[in-house]
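I opened this notebook to keep track of what I looked up, one entry at a time. The structure comes first, and my notes come after it.

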Amino acid sequence: MGISSVKKDYLYRLAKEGKRPDGRAFNEYRPIKIERGVINMAEGSAKVSIGHTTVLAGIKMDIGEPYPDTPEEGAMSTAVELIPLASPDFESGPPRADAIELSRVVDRGIRESKFIQLEKLCIEPGEKVWIVFIDIHVLDYDGNLFDACSLAASAALMNAKIPNERFEMGEDVPMPLSDPPVSCTFVKYNGAIVVDPSLDEDEAAEARHTIAVDKKGDIRAMQKGLSGSFTVEEIKNNINNARIISKDIRKILEG
Amino acid sequence: MELIKDGKRIDGRAPDELRPIKIEAGPLYRADGSCYLEWGGNKIMAAVYGPKEAIPRHIQDSTKAVINARYNMASFSVEDRKRPGPDRRSQEISKITAEALENVILTEMFPRAVIDVNIEVLDADAGTRCAGITAAAVALADAGIPMRDIPVACAAGKVDGVVVLDLLGDEDKKGDADLPVAIAPRSEEILLLQMDGHMTVEEFDEALELALKGCREISKLQKEALLKKYKTFEEE
């Protein structure tokens with residue numbers, strides 16, 4: 001639906017004074033809440049809230065054929081569903097470009113940080129491997145789905161067990177994982193750059209920058225979105241801020 | 001596998017006993033009305049948006065509001081991952097859910113409008129359509145949609161030849177019959193009724209009576225959940 005021009009003016013005016021509509025500082029994240037193991041039928045699950053935004057990630061696993069170029073590795077697939085339950089602006093039907101971009105950015109953070117040890121998900125080289133399905137349901141959309149979905153995916157994977165029992169292959173074992181990526185998203189409107197955009201800020205945003213940082217503070221994936229632009233200096237600043245902010249988020253995720 | 005042993009069912013319930021049910025009114029921030037429901041192994045989130053202008057216009061009814069219900073199962077809500085998106089089963093359930101809800105909503109108050117009712121099954125263990133309608137009814141009330149009653153649904157069925165209330169997953173899969181029922185509790189009119197399996201007419205009478213008994217119990221829980229939310233408002 002987009003943002004009204006009155007609201008946009010209001011956000012612009014606040015930004016000039018260094019303020020945000022919910023009173024946060026530009027570099028301040030909203031409170032994060034993680035509940036793990038909330039879905040019985042899933043191999044792993046997590047419900048994550050960032051402020052009023054709530055998403056639910058569930059992990060399912062199945063046995064399938066590996067990709068021809070990685071015959072000794074398991075496979076993963078990430079899908080975010082922007083269901084109409086979560087916002088009056090989401091419509092039912094096949095995923096649109098924004099849901100696909102969101103899924104792919106979440107996927108890239110996990111894949112490029114090698115969070116899932118796919119080489120340990122091989123059952124018979126070239127024949128049988130585990131396929132990990134990461135499905136993310138948005139339940140309440142109040143901004144910053146990129147970070148919420150990424151955090152939920154990581155927390156759900158950390159909660160997941162390989163369902164060996166169900167496939168009569170012995171006992172269930174934990175998902176083989178390394179360190180999780182942590183995603184940090186910034187948006188820019190009227191010259192201001194803020195972290196963890198609320199809904200109004202998401203809708204006013206001219207440009208978006210998502211950075212997935214690993215435990216060492218190195219960059220594992222990035223995405224610049226929307227039609228606005230950042231200067232080189234701004235991009236570098238965002239990365240520096242992401243490295244600092246992601247440390248606190250990581251504590252919550254690993255805690 | 002024995003589904004009934006010494007008069008007890010696989011989860012220890014008596015034949016006429018419901019699974020534990022927990023209802024929360026209004027957990028969602030964005031929706032006009034919402035409900036989170038846990039019913040045995042089922043976890044359901046329902047959200048209502050509207051009444052709002054029906055778009056595109058050709059779906060408008062100039063005499064009343066259109067009820068647009070969408071029942072959807074999360075990919076991870078079942079044992080073998082479900083492909084996202086509506087299949088024939090969920091489309092059928094969406095249709096009969098919308099029809100059951102339309103019966104109690106005062107739709108003539110909102111010509112040309114649509115009321116969206118979204119039901120998401122997050123975790124499934126049999127009886128999700130009944131749980132979905134029960135949750136949707138609370139979400140509608142939470143959204144302040146005028147209704148002549150708050151609908152409620154519950155299933156009865158037959159396992160190992162015994163008529164039982166509120167089947168769980170294994171009873172549904174291996175049992176003899178399933179009878180989901182939704183009612184408007186004040187008049188006990190039937191808003192939804194489906195049946196599959198095999199029952200004698202006498203067994204059906206018994207099962208329907210059990211389902212009504214279940215509905216009456218759940219109806220109380222729905223009202224308690226709504227009172228819980230709005231009573232706190234009053235006290236504040």
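The entries below go from the contact between the chains to single strands and residues.

**Entry 1, the contact between the chains.** I kept in mind that this is a predicted model. I looked up how chains A and B meet, and found that the contact takes 28 residues from chain A and 25 residues from chain B. On the side of chain A that touches chain B, the elements giving two or more residues are β3 (53-64), β4 (75-81) and β6 (128-140) of chain A. I then sorted the residues of that side by kind, which gave 15 nonpolar, seven polar and six charged.

**Entry 2, A:Asp62.** I picked out A:Asp62, which is found in strand β3 of chain A. Is A:Asp62 buried or exposed? A residue counts as buried if 20 or more other C-beta atoms lie within 10 Å of its own and as exposed if 12 or fewer do; A:Asp62 has 14 within that distance, so A:Asp62 is partly exposed. Leaving aside neighbours within four places in sequence, I found A:Asp62 in contact with A:Ile131 and, in the other chain, with B:Arg81. I also noted that A:Asp62 and A:Ile162, 100 residues apart in sequence, are 9.4 Å apart in space from C-alpha to C-alpha.

**Entry 3, strand β4 of chain A.** I asked how this strand is placed, and found that five of the seven residues of β4(A) are buried, so this strand is largely enclosed by the rest of the structure. β4(A) runs parallel to β6(A), and seven bridges join the two. I looked up A:Val80 as well, and its bridge partner in β6(A) is A:Ile136.

**Entry 4, the core.** Which residues touch the most other members of the largest nonpolar core? Of its 144 residues, I found these to be A:Cys149, A:Ala152, B:Ala136 and B:Leu140. Following A:Cys149 further, and not counting residues up to four places away in sequence, I listed A:Val55, A:Val80, A:Leu102, A:Val106 and A:Ile136 as the residues touched.

**Entry 5, a sheet in chain B.** I traced an open sheet of five strands in chain B, with the order β3-β4-β5-β7-β6 and mixed pairing. Its edge strands, each pairing on one side only, are β3 (21-25) and β6 (66-73) of chain B. Direction ignored, neighbouring strands of this sheet are turned by 15 degrees against each other on average. β3(B) pairs with β4 (residues 33-39) of chain B in the antiparallel sense over five bridges, and B:Ile23 stands opposite B:Leu37 in β4(B). Last, I noted that helix α1 (residues 88-104) of chain B lies across β6 and β7 (113-123) of chain B, running at about 140 degrees to β6(B).

How values were computed: Residues numbered from 1 in each chain as written. Chains lettered and ligands numbered in written order. Predicted model: local features only at pLDDT ≥ 70, side-chain atom pairs only at ≥ 80, totals over all residues. Contact = placed C-beta atoms within 7 Å. Helix = DSSP H or I, 4+ residues; strand = E, 2+ residues; numbered from the N terminus. Nonpolar A, V, L, I, M, F, W, Y, C, P; charged D, E, K, R; others polar. Core = buried A, V, L, I, M, F, W, Y, C linked by C-beta atoms within 7 Å. Pairing = 2+ DSSP bridges. Axes fitted to C-alpha atoms, helices over the stretch in contact; angles between N-to-C directions.
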